Amino acid sequence: MNKDQGTRGWVKDCSTRRTLHVMGCTVVLCFSLGYFWSMSNYTWQETPVKIFNTVRKIYSKPQILRPPNRTHLLENLLEIELPRMIYAKPQVLKPPRNDVLMMTPWFAPIVWEGTYNLDILNEQFRQRNVTVGLTVFAIKKYVVFLKTFLETAEMYFMVGHKVNYYIFTDRPQEVPKVELKEGRNVVVLQVQNYSRWQEISMRRMEMINHFSKKQFINEVDYLVCVDVDMRFNDLVGVEILSNLFGTLHPGFYGAERQSFTYERHPASQAYVPHDEGDFYYAGGFFGGTIKEVYKLSKKCHEAIMVDKDKRIEAIWQEESHLNKYFVYHKPTKILSPEYVWDDNMGRPEILRKRRFLAVPKNHAAIRNK
Ligand code: UD2
């Protein structure tokens, strides 16, 4: 074979191979198109467009994922000008109280009179322009407690701050008209009642949870959830506010773990073993940010429903579930019994203020009525 022959031979060979290659690719492409078309809901006209888009997607330049731009969060921030703040300097070597515990082992403050400066706290919360929601249930006969409750709240609760009173009731027409200071509103939420007082008490978790999502999240920054058969007797202000707070029950603040009236039946969702738990908290005063109260009320309501399916009712209804919750989700602030007191317990020296007091009630006359 001479040089030319060789070249031509190679050229010929090459063109045959190219022809075969093109034919092969065409066959594969046709089969692919047929398969793609048969597997998809596209018409023959749409299929090439779809393939083009898919190929374009595969070969297009990869996009670098950027974190969301959050600079807007820093815009429009108010320049905060602090007024002069004159007050006694905190003394590192002189704790303000040495007769009570002021801090938990997980660094949550316990709020007692004499341990904080309300002027500093008021300034901090005013700068944040907070609105506080106070939830209270007055179902059936319990509407009789509303007048005193609201009148005393106007005197002592979150003085100088914006407040929404959320009154859950089945008797909206019986909610008394109380004169309110500026920035404070009464919002009546009509809800159903239940025949047993225990059920009413427990269902508060469900209703607080429902309205947190539906309404409170859009209207207030914090929720304070309390009993209605109470009256404010001294200032209850922003010193109580924190992500998640509970209150030491007046009957158990000095008690040992073993005597706490946690639910001790292992079958209940509220069960707390004898070697666990920090404090016994009152069901009648807890709160936090809407997010935290939403989580708490959801968990407690779900636990109550699991018990209900098993025909179990925890010993202190939702208070038992609240106590279980706080064992495993520690409050970020704890209120001393100044915030839920009953004069039947006397007046111990450690109690420098009685801020929120039980109103004596005749159970037989008021419950299930
Ligand atoms: C304790 C707790 C309470 C709850 C209850 C559960 C404190 C101060 N109180 O209160 O929070 O855990 O035990 O056993 O820790 N209610 C109505 N209509 C009714 C019945 C109840 O509106 O017919 C509402 C009302 O807001 C009342 C609350 O539910 O304040 C709790 O009921 P309670 O005050 O009769 O229960 P009590 O005093 O045993």
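Which element gives the most to the shell around the ligand? In this predicted model, the answer is α5, which contributes 4 residues to that shell.

**Close-up 1. The shell of residues around the ligand in the predicted model.** The ligand is surrounded by 21 residues, and the closest of these are F137, Y142, D227, Q317 and E318. Sorted by the character of their side chains, the residues of the shell comprise 10 nonpolar, 4 polar and 7 charged ones. The space that the ligand takes up is the largest pocket. Two or more residues of the shell come from each of the elements β2 (131-138), α5 (197-219) and α7 (317-328), and among these α5 gives the most, with 4 residues.

**Close-up 2. Polar atoms of the protein beside the ligand, at Y142, D227 and V228.** An oxygen atom of the ligand lies 2.5 Å from a polar atom in the side chain of Y142, while a nitrogen atom of the ligand is found 2.7 Å from an N or O atom in the side chain of D227. At V228 the backbone is involved, since a polar backbone atom of this residue is 3.1 Å from an oxygen atom of the ligand. Taken on its own, the ligand has 730 Å² of accessible area, of which the protein covers 92%.

**Close-up 3. V228 in its loop, with F137.** V228 has its place in the loop between β5 (222-226) and β6 (230-232). With a relative accessible area of 4%, V228 is buried, because this value falls under the 20% limit for a buried residue. The C-alpha atom of V228 is separated by 6.3 Å from that of F137, although the two residues are 91 residues apart along the chain. F137 is one of the residues closest to the ligand, and the backbone of V228 supplies the polar atom that lies 3.1 Å from a ligand oxygen atom.

**Close-up 4. E318 and Q317 in helix α7.** E318 is found in helix α7, and its relative accessibility is 6%, so this residue counts as buried. The side chain of E318 makes a polar contact with the side chain of R204, at a distance of 2.9 Å. Q317 also belongs to helix α7 and is likewise buried, with a relative accessible area of 8%. The backbone of Q317 has a phi near 45°, which is a positive value in a residue other than glycine. Both Q317 and E318 are named among the residues closest to the ligand.

**Close-up 5. R311 in the loop that comes between α6 and α7.** R311 lies in the loop between α6 (290-309) and α7, and its phi is positive, at about 60°, although R311 is not a glycine. The relative accessible area of R311 is 80%, so this residue is exposed, the limit for that term being over 50%.

**Close-up 6. V272 in the loop between β7 and β8.** The loop that holds V272 runs between β7 (244-247) and β8 (285-289). V272 is buried, with a relative accessible area of 1%. Along the chain V272 and T261 are 11 residues apart, and their C-alpha atoms are separated by 9.7 Å.

Conventions. Residues numbered from 1 in each chain as written. Predicted model: local features only at pLDDT ≥ 70, side-chain atom pairs only at ≥ 80, totals over all residues. Heavy atoms only, no water. Near = heavy atom within 4 Å. Polar contact = N/O pair within 3.5 Å; in protein donor to acceptor, adjacent residues only side chain to side chain. Areas by Shrake-Rupley, 256 points an atom, 1.4 Å probe, with all protein chains shown as cover. 1 Å grid on protein atoms, 1.4 Å probe; cavity = no way out; pocket = protein on both sides within 12 Å on 5 of 7 lines; lining within 4 Å. Sits in = over half its atoms within 2 Å of the grid points. Nonpolar A, V, L, I, M, F, W, Y, C, P; charged D, E, K, R; others polar. Buried < 20%, exposed > 50% of the residue type's maximum accessible area, 1.4 Å probe, protein only.
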